[in-house]
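Subject: Structure handover

Hello,

Here is the structure for your files. Please look through it before reading my notes.

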Amino acid sequence: MEKEGGGPLAVSTCLALTRTIMADRNSRVSVKKKEKKVESKANDDKEKVKEKEKAVKKPEKPAKKPEKPPEQPKAGEEKRNGESEGAAGAGAEAKSGEENGEFQPIELPPFEIVTGEQMSPFYFKFQFRNVEYSSGRNKTLLCFRVDAPGSGAEPLKGYMEDEHATAHAEEAFFQQVLPNPSQECDVTWYVSSSPCVACAAKLTTILQQRKKLRLCIFCSRLFDWDQPEIVEGLKALAGAGCKLRMMKPCDFQHVWETYVEKEEESFTPWEDCQENYSFYVEKLMEILK
């Protein structure tokens, strides 16, 4: 009978105890969740504070370091590489202008015709080579000999060169070497290239005006020989009394020995020297026929 009377009481007691335990657990879990939320919120607040501090400390733009002023050249400092005083002054002005944001033009020396008694072997071998296509040869080299009949004076010899930037060597010869229009003389030229249209016209005029002048031109190459205006210019020049010839291998030898600073080096004609001479002779004959 005790078992029957004590059974329901024991069950109800167990249920009550179980409910109490579950309520206690739920209460603890709830408390922990609240603690975590509080802790998470506190961490978020700390992060926001740190970000605000960084934003305050970080400048909007990095500050530039003060530029070091350019050093001034010391007084009496030697110029290097043969720099002239004028060139140094022009360079300093240009540099100063660039630093101020302004670019000022540098004044260059005027173009000059180079004259002398002898040329370098390199100039001769490159500029006088009688190739058909003269690529890269932007100079005219002119070797001259002036004989004054009956004067007993030694022939005047030398060479001139230009870069086709201003008066060509042909015109400059009569400005610098032979300016006297009344002088009687025989002039012989050995040129790296035949005259252009403008020079041919000027030489024609000079020969027509100077009746005592006799001009013979030996050409290494014919300049633009297939252009009609060149053909007409050379024909007019020959009609004014100029003797036009192409340079033979022996003429190159003569120029080498007379006008080149060769020292002990001997001249050896290039492989196609004779062949190219024959080619240009045929072209010149077609022009002057």
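The notes below go from the whole chain to single residues.

Confidence and overall make-up

This is a predicted model, so confidence comes ahead of the details. The average pLDDT of the protein chain is 73, and 57% of the residues score at least 70. Residues 1–5 have a pLDDT below 50, and that stretch makes 0 contacts beyond near neighbours in sequence. Residues 52–112 also stay under 50, with 15 contacts in the model beyond four places in sequence.

The protein chain has 8 helices and 6 strands. Their order along the sequence is α-α-β-α-β-β-α-β-α-β-α-β-α-α. Of the 289 residues, 28% are buried. The exposed surface of the protein chain is about 20,700 Å², of which carbon and sulfur atoms supply 52%. Taking contacts between residues at least 6 apart in sequence, 75% join residues at least 24 apart.

Strands β2 and β3, and helix α4

Strand β2 covers residues 140–147 and runs antiparallel to β3, with 7 bridges joining the two. One of the residues involved is F144, whose bridge partner in β3 is G158. Strand β3 spans residues 156–162 and is mostly covered, with 5 of its 7 residues buried.

Helix α4 (residues 169–177) has A169, E170, A172, F173, F174 and V177 buried. These buried residues pack against β2, β3, β4 (185–191), α5 (197–209) and β5 (213–219). In general, an α-helix has 3.6 residues a turn, so residues three or four places apart point the same way. In α4, A169, A172 and F173 are among the buried residues.

Nonpolar cores

The largest nonpolar core contains 33 residues, and F173, V187, W189 and I217 have the most contacts inside it. Two or more residues each come from β2, α4, β4, α5, β5, α6 (228–239), β6 (243–246) and α8 (273–288). Helix α4 gives the largest share, 5 residues. Another core, of 18 residues, lies apart from it and includes F252, V255, W256 and C273. Nonpolar side chains tend to be buried together in soluble globular proteins.

V187 is a useful residue to select in the viewer. Leaving out residues up to four places away in sequence, V187 touches R145, V146, F173, L178, L213, R214, L215 and C216.

Two residues: C216 and S194

C216 is found in strand β5. Its relative accessible area is 14%, so C216 counts as buried, the cut-off being under 20%. Beyond four places in sequence, C216 touches V187, T188, W189, K243 and R245. The C-alpha atoms of C216 and G241 are separated by 8.9 Å, although these residues are 25 apart along the chain.

Where does S194 sit? The residue is in the loop between β4 and α5. With a relative accessible area of 4%, S194 is also within the buried class. What does the side chain of S194 reach? The partner is the backbone nitrogen of F223, at 2.7 Å. Apart from residues up to four places away in sequence, S194 touches C219, R221, L222 and F223.

Regards

Technical notes
Residues are numbered from 1 along each chain as its sequence is written. This is a predicted model: local features need pLDDT of at least 70, side-chain atom pairs count only at pLDDT 80 or more; totals for chains, interfaces and linings use all residues. Side-chain values use heavy atoms; hydrogens and water are left out. Buried means under 20% relative accessible area, exposed over 50%, partly exposed in between (1.4 Å probe, protein chains only). Helices (H or I, at least four residues) and strands (E, at least two) are DSSP runs, numbered from the N terminus. Two strands pair if DSSP finds at least two bridges between them. Contact means heavy atoms within 4.5 Å. Accessible areas come from the Shrake-Rupley method with a 1.4 Å probe; for residues, only the protein chains shown count as cover. pLDDT is the predictor's confidence in each residue, from 0 to 100. A polar contact is a pair of N or O atoms within 3.5 Å; within protein, one must be able to donate a hydrogen and the other to accept it, and residues adjacent in sequence count only if both atoms are side-chain atoms. A nonpolar core is a set of buried Ala, Val, Leu, Ile, Met, Phe, Trp, Tyr and Cys residues joined through side-chain atoms within 4.5 Å.
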